Amino acid sequence: GKTITLVAPYNVTSGQGLLVGSIFGVACADALSGADVETLLEGVLTLAKATGAAWTQGALIYWDNTAKNCTTTASTNKLIGTAVVAAASGDTVGNVRLSAAFTL
């Protein structure tokens, strides 16, 4: 489905990304850690972006679960989708098309 119910791994607010195992999604409501939260798995969403690096349209986007934001840095971060439009290095949000794939 486009949404599933996950157990929030930390306190989340509506529109915030969350990673549960290999599943990345975006919270549809506020939830405390350990509570069930309806989670969106696909679509184009505006998400928190790490500052300091620009995004180009079509760039691979990763979730930094420590900083709780999106980045173009792969390292130990989770691939979640692609940048829909370019974003400047100073931007704090970016538009991401979620892959809806549970990549390893």
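Two rings of Phe, Tyr or Trp, the last represented by its six-membered ring, make a pair if their centres lie within 6.5 Å. Run over this predicted model, that rule turns up just 1 aromatic pair. The partners are phenylalanine 24 and tryptophan 63, sitting 5.0 Å apart centre to centre, with 50° between the planes, so the arrangement falls in the tilted class. Phenylalanine 24 comes from strand S3 and tryptophan 63 from strand S6, so the pair ties together parts 39 residues apart in sequence. Both rings are tucked away: phenylalanine 24 is buried at 8% relative accessibility, and tryptophan 63 is buried at 2%.

Phenylalanine 24 also turns up in the largest nonpolar core, a set of 23 residues, where it ranks among those with the most contacts inside the core, along with Val12, Leu47, Cys70, Ile80, Val96 and Leu98. Strands S2, S3, S5, S6, S8 and S9 each put in at least two residues, and S3 gives the most, with 3. Leucine 47 touches residues including Phe24, Val26, Cys70, Ile80, Val96 and Leu98, leaving aside those up to four places away in sequence.

As for the cysteines, a search of the whole structure comes back with 0 disulfides. Cysteine 28 has its nearest cysteine sulfur, that of cysteine 70, 16 Å away; a disulfide needs the sulfur atoms within 2.5 Å, so cysteine 70 is too far off for a bond. Their surroundings can be set side by side: cysteine 28 is partly exposed at 38% relative accessibility, whereas cysteine 70 is buried at 0%.

One charge-over-ring arrangement deserves a mention too: lysine 68 lies over the face of tyrosine 10, 4.2 Å from the ring centre.

Technical notes
Residues numbered from 1 in each chain as written. Predicted model: local features only at pLDDT ≥ 70, side-chain atom pairs only at ≥ 80, totals over all residues. Heavy atoms only, no water. Buried < 20%, exposed > 50% of the residue type's maximum accessible area, 1.4 Å probe, protein only. Core = buried A, V, L, I, M, F, W, Y, C linked by side-chain atoms within 4.5 Å. Helix = DSSP H or I, 4+ residues; strand = E, 2+ residues; numbered from the N terminus. Contact = heavy atoms within 4.5 Å. Phe/Tyr/Trp six-rings, centres within 6.5 Å; stacked < 30°, edge-to-face > 60°. Lys NZ or Arg CZ within 6 Å of the ring centre and 35° of its normal.
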